[in-house]
Amino acid sequence: MMKKNIYVAYTGGTIGMKQSDQGYIPVKGHLTDAINRTPDFHRTEMPDFVINEYEPLIDSSNMTPKDWQRIADDIYQHYDDFDAFVVLHGTDTMAYTASALSFMFQHLSKPIIVTGSQIPFSQLRSDGQENLLNSLFIAANYPINEVGLYFNNKLFRGNRSIKAYADGFNAFDSPNMEPLLEAGIDIKIKAGRLADTTTEKERQALKLVPITPQPVGVVHLYPGISHELISNVLQQPVKALILRSYGVGNAPQDEQLLSVLKQATEKGILILNLSQCVKGKVNMGGYATGSSLSQCGLISGADMTLEAALTKLHFLLSQNLPYETLCQLMQENLRGELSL
């Protein structure tokens, strides 16, 4: 059997950094050299791989929708030449990039795994070696044809993942969906579905839908929040607002606040009701405080993560869809990002 060939896009992040007098810094070629000197990556059981180090390397805190597009374009240009793709990325905005890529690629028939580390690859006790080694091995031998995020022995659906811990090896979680796969002593498929090239029907051609920067606001409700603050956020050129509400989608019964929200939706600004809670989903019919938001024209974000909701809005707003279509698609499960 021929070895699988995997394309590794090193975009930046902790995994490839080098120790210096000023702390960890990105150094061109450092990660590739470190991987080439690590025997486990060249065992016969491992797939072949090619590493493309971006120039310049991107600190994930500086990631923008233009960078999501750059990564997507890179994968798309190499799509026919490789069996799978691994994106090495900083942890701070990794879940946003994984979510964005999941929406941008339609009819994906190869795995894309986003991963990184909390300690640089070349340092003692690095989690980067294990995360990258397992990502390559899983992409080659346990292909799940969607965008996943691999960290600390778990492969999550990319658009269901969040960064949950700032300084632990278990940095990521998927609160409303079990992992696609777990890599313990044995590799166990959980919520994922392995690709079966022998029985799958003829695939549709891959389509890449571009994402462009969009003006999206995010407001986190808190006791005593003023309607003036929300009104200011809703000023043009905002096209959409994510309202981080209480519990199952509740908000204060402030007539002025509700009036501001209603006026915005009547102007064609989409307002998505998303719970502040990590687990669970929005149910605006459960309480009067949630029902009033529905009457103002807000739509439910169900159990989407903030990362998925934000990138999905960018994805849909980039297509200049009619307001009614935009509202409808935000509530539809396009890439497994929400539970109906």
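Me: What makes Glu45 and Arg43 a salt bridge?
Reply: Their closest N and O atoms sit 2.9 Å apart. A salt bridge needs a side-chain nitrogen of Lys or Arg within 4 Å of a carboxyl oxygen of Asp or Glu, so the pair qualifies. Bear in mind that this is a predicted model, where local features need pLDDT of at least 70, side-chain atom pairs count only at pLDDT 80 or more, and totals for chains, interfaces and linings use all residues. Residues are numbered from 1 along each chain as its sequence is written, and side-chain values use heavy atoms, with hydrogens and water left out.

Me: Why is Glu45 called partly exposed?
Reply: Its relative accessibility is 43%. Buried means under 20% relative accessible area and exposed over 50%, with partly exposed in between (1.4 Å probe, protein chains only), so Glu45 lands in the middle class. Arg43, at 44%, is partly exposed too.

Me: How do you know that Asp92 and Lys163 form a salt bridge?
Reply: The N to O distance is 3.1 Å, and that fits the definition. The pair links distant parts of the chain, 71 residues apart: Asp92 is in the loop between strand S5 and helix H3, Lys163 in strand S10. Helices (H or I, at least four residues) and strands (E, at least two) are DSSP runs, numbered from the N terminus.

Me: Why does Lys163 count as partly exposed?
Reply: Lys163 has 25% relative accessibility, so it falls between the two cut-offs. Asp92 is partly exposed as well, at 44%.

Me: Which residue meets Asp303 in a salt bridge, and are the two buried or exposed?
Reply: Arg160, at 3.2 Å from N to O; both are buried.
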